[in-house]
Amino acid sequence: MPAAPTEQTLFCGTTNGWLIHIDLRTGRYEKKGSHSDCVNGACLVPSSTIVATGGDDKMIRLTDLRMANANRPVGVHQLKSVVFSLCADEEALYAGGEEG
């Protein structure tokens, strides 16, 4: 799998807490950094190899796709509510949750 995302890359979260990284050209997929509950949102941080995920465990996890052991996040942030969606630009990460 390419470490750097391309336009042929798809990320999706699962109800059992995994981030799935899919190469649409080959159909190959890998499980990446996990949550303890459902993953509701995933987004690629622009111009990087970092994927941010958020979910029912009230955590935002940052996973670097270049790391050999991508199941270990490079950053974790605990929130007070469930995370429903994420988006990022070059300067910030935005999360939507139960409390706005």
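**View 1. The largest nonpolar core, with five residues.** Cys-43, Ala-52, Ile-60, Val-83 and Leu-86 make up this set in the predicted model. In general terms, nonpolar side chains tend to be buried together in soluble globular proteins.

**View 2. Cys-43 and what it touches.** Zooming in on one core member, Cys-43 has a relative accessibility of 12%, so it counts as buried, the cut-off being under 20%. Skip everything up to four places away in sequence, and Cys-43 touches Ile-50, Val-51 and Ala-52, plus Leu-86, Cys-87, Ala-88 and Leu-93.

**View 3. Cysteines without a disulfide.** How many disulfides does the count come to? Zero, going by sulfur–sulfur distance. Cys-43 is in no disulfide, and its nearest cysteine sulfur belongs to Cys-87, 6.5 Å away. The cut-off is 2.5 Å, so that pair doesn't make it. Cys-38 counts as buried too, because its relative accessibility is 14%.

**View 4. Asp-57, a buried acid in a loop.** Asp-57 sits between strand 5 (50–55) and strand 6 (59–64). Which side chain of opposite charge is nearest to Asp-57? That would be Arg-61, at 5.3 Å. A salt bridge needs a nitrogen–oxygen pair within 4 Å, so Asp-57 goes without one.

**View 5. Asp-57 and His-35, side chain to side chain.** What Asp-57 does have is a polar contact with the side chain of His-35, at 2.9 Å. Setting aside neighbours within four places in sequence, the residues in contact with Asp-57 are His-35, Ser-36, Asp-37 and Gln-78.

How values were computed. Residues numbered from 1 in each chain as written. Predicted model: local features only at pLDDT ≥ 70, side-chain atom pairs only at ≥ 80, totals over all residues. Heavy atoms only, no water. Core = buried A, V, L, I, M, F, W, Y, C linked by side-chain atoms within 4.5 Å. Buried < 20%, exposed > 50% of the residue type's maximum accessible area, 1.4 Å probe, protein only. Contact = heavy atoms within 4.5 Å. Helix = DSSP H or I, 4+ residues; strand = E, 2+ residues; numbered from the N terminus. Lys, Arg positive; Asp, Glu negative; His and termini not counted. Polar contact = N/O pair within 3.5 Å; in protein donor to acceptor, adjacent residues only side chain to side chain.
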